[in-house]
Amino acid sequence: MKTAIATVSISGTLPEKLEAIAAAGFDGVEIFEQDFIAHDGGARDVGRMIRDHGLEIPLFQPFRDFECLPEPLRSKAFDRAKRKFDVMQELGTDLILICSSVHPRSLGGIKRAAGDLAELGEIARERGIRLGYEALAWGRHINDHRDAWEIVRQADHPNVGIILDSFHTLGRKLDPESIRAIPGEKIFFVQLADAPAIDMDLLYWSRHFRNMPGEGDLEVQRFMQAVMAAGYTGPISLEIFNDQFRGSNARATAQDGYRSLIALMDDVRRAEPETRIDLPAIPPRVRAEDVSFVEFAARDGEVETLTAMLRTLGFRNAAKHRNKAITLWQQGDVRIVVNSETEGHAAHVWNTRGLSVCDIGLQVSSAEDTVTRANALGSPTFSQPTGPGELAIPAIRGLGGSVLHFIDRTSGLDEVWDVEFDALPTETHAGAGITHVDHLAQTMSYEDMLSWTLFYSTLFDMKKSPMVDVIDPDGLVRSQVVESAAGRLKITLNGAETHRTLAGRFLASTFGASVQHIALSTEDIFDTVARMGELGFEPLPIPGNYYDDLAARFDMPEGLLEKLRAGNILYDREGEAEFFQVYSRAFAGGMFFEIIQRGPGYKGFGGPNAPFRIAAQKRLGPPKGIPQS
């Protein structure tokens, strides 16, 4: 299976685009005419430059407003096509995309269009060129792939075929199943794009809001199942028009595109096992079971800051690494690792960001399969030297400089705590009742959110929630949840659009640290808060107005409101399912802990409380314009 991407899909000059596309692992590149025209080299030079990057040119596009024109416009269209054929031969490509006409003087008519394509097809055959006809979703007369196929069928020329684009089919809510009836050899090329479900003018939606397969709401997999069942064997390509991508890092966008294509075609192969898809075998999406550990990089006085916070949360210093300056803090099933090494990944993170999360360990069904699938999707393996008696725990580099380690039960990796650590004497306090990590909250720039959701949803068996807006006094933060099938592993992704928001300030203060808060679960939040209070825990102060409003919003049992107010505990309810949450005060540039209690059936994250929590955190933070320490 050969993969390709249109140059219009990513940012930069043509040489910058080609470098990013090649680095991501694509086999070919669609040359978007505008990118070629804007370049200062000739067609032969561009073709050579592309091949020097190890890429092919499977398609030149687009050629607009060709069919069904009256004279003299018809003759001019044929002349234009011949000139483009000259350019294509210099480039070294043999397929041109002809999109259905939107010309105001186009006459329409299936037979007329078929006749034009057949005549041009004969000219193209003499030049060794093929024509691919595509139905634009907003075409003047032809806007349905079924009509486009009828035109190609009636043209009945070996050099004339159809080009299928998932957006043009799915954006018009056309059933892709009809594609199965098209002979595979007459499908000359396939372009893919996803898009969020928005009720919008088709042309504007297409030109500004397309995204990678898996990042939107269209049934792209079903579309590709139909294409492959038809017997298509050509390249699978991306054509993405997206304002955000046009200003994003070209290499990161290209990597996302490659990841999305491989994951999609692996899904298609599993759904349609009788189809032939030339793709190396990779493990299916891995079952992510839980958070095994969260590792902080900390040095000097920051170690005292962090360990003091952990003690007030009821954690005990459970073990010390046998070879390294690493300690393990534990409570229930929660493990917090404090790494004070002066070499290695943690040291690099500390040098860049200071006290921050440098590593996340996930419990998975198979650590080996996780890394194998991640590599196939374009995520490189992470490794660093191991010392005597240490386990080689599989890991990958995630996004934004993050590292993920994977632990499973079948390989013995979950014994790392006994193999590498020496237990310390049990401390006198009995903890605070914290049982496990409910969720991790990762903060990023808003433009990176699609990358993170794609990363998690293509690697693991995780589903994404709809995106919601979180109100900050100084702007909006977009939030989305990715959650494992069993619901044990949950990660909230929070995209900051401005440095003035709490999330944006955290990113600026920590130079892009990922994890901003860790949510810990308890079965009795009132008991946990009381026990943490005895250990010196200082909760985030919540104003009285919040509790007065609660009294107006909810009917509560007698005494509950007073207990919430006394503990600075926030409250939410979904039907009869209750939710309680309390926050630590911020440290390390804006990081914090959250303690929650979920009632049976509560699926949310206390979203209605977010504006009040953020406002309370900002009151305790530095004044606007003053960096956090």
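Biologist: Let me start with one side chain: is Phe 612 buried, exposed or partly exposed?
Modeller: This is a predicted model, where local features need pLDDT of at least 70, side-chain atom pairs count only at pLDDT 80 or more, and totals for chains, interfaces and linings use all residues. Residues are numbered from 1 along each chain as its sequence is written, and side-chain values use heavy atoms, with hydrogens and water left out. Buried means under 20% relative accessible area and exposed over 50%, with partly exposed in between (1.4 Å probe, protein chains only). Phe 612 has 35% relative accessibility, and so counts as partly exposed.

Biologist: How many aromatic pairs does a search of the whole structure find?
Modeller: Rings of Phe, Tyr and Trp (its six-membered ring) pair if their centres lie within 6.5 Å; planes under 30 degrees apart count as stacked, over 60 as edge-to-face and the rest as tilted. Searching the whole structure on that basis, the number of aromatic pairs is 22.

Biologist: Which residue forms a tilted aromatic pair with Phe 612?
Modeller: The two rings are 5.7 Å apart, centre to centre, with 55° between the planes. Phe 612 lies in helix α21 (residues 610–620) and its partner in helix α19 (residues 544–553), so the pair ties together parts 66 residues apart in sequence. Helices here are DSSP runs (H or I, at least four residues), as are strands (E, at least two), numbered from the N terminus. The partner is buried, with a relative accessible area of 4%, and its name is Tyr 546.

Biologist: And how many residues of helix α16 are buried?
Modeller: Helix α16 covers residues 449–459 and is mostly covered. Its buried residues include Trp 452, Phe 455 and Tyr 456, which ring pairs link with Phe 406 and Phe 460 into a cluster. The count of buried residues in α16 is 11 of 11.

Biologist: Let's turn to charges: how many salt bridges are there?
Modeller: Side chains of opposite charge can pair when their charged atoms come close. A salt bridge here is a side-chain nitrogen of Lys or Arg within 4 Å of a carboxyl oxygen of Asp or Glu. By this rule, the count is 41.

Biologist: Which residue forms a salt bridge with Asp 35?
Modeller: The closest N and O atoms of this pair are 3.5 Å apart. Asp 35 sits in helix α2 (residues 33–38) and its partner in helix α1 (residues 14–24), 18 residues away. Both are buried, and the partner is Lys 17.

Biologist: Which residue forms a salt bridge with Arg 180?
Modeller: The pair links distant parts of the chain, 92 residues apart: Arg 180 is in the loop between α7 (166–170) and β7 (187–192), its partner in the loop between α11 (250–271) and β9 (288–297). Arg 180 is partly exposed, at 31% relative accessible area, whereas the partner is buried, at 7%. Both belong to a salt-bridge network with Asp 175, Glu 177, Glu 219 and Arg 222. With closest N and O atoms 2.7 Å apart, the partner is Glu 272.

Biologist: What volume does the largest cavity have?
Modeller: On a 1 Å grid over the protein atoms alone, a cavity is a set of points where a 1.4 Å probe fits but cannot get out, and lining residues have an atom within 4 Å of a point. Points are joined across faces, edges and corners, and a volume is the space filled by probe spheres set on them. The structure holds four cavities of 30 Å³ or more. The largest cavity has about 110 Å³.

Biologist: Which element gives the largest share of its lining?
Modeller: The largest cavity is lined by 15 residues, with Val 357, Cys 358, Asp 359, Ser 402 and Ser 514 nearest its centre. Two elements give two or more residues, α13 (345–353) and β13 (356–364). The largest share, four residues, comes from β13.

Biologist: How many charged residues line the second largest cavity?
Modeller: This cavity has about 80 Å³ and 14 lining residues, with Gln 61, Glu 134, Leu 136, Arg 207 and Glu 239 nearest its centre. Arg 207 also lies over the face of Phe 241, 4.3 Å from the ring centre (a charge sits over a ring if NZ of Lys or CZ of Arg is within 6 Å of the ring centre and within 35 degrees of the ring normal). Ala, Val, Leu, Ile, Met, Phe, Trp, Tyr, Cys and Pro count as nonpolar, Asp, Glu, Lys and Arg as charged, and the others, Gly among them, as polar. The lining has seven nonpolar and two polar residues, and its charged residues number five.

Methods: 1 Å grid on protein atoms, 1.4 Å probe; cavity = no way out; pocket = protein on both sides within 12 Å on 5 of 7 lines; lining within 4 Å.
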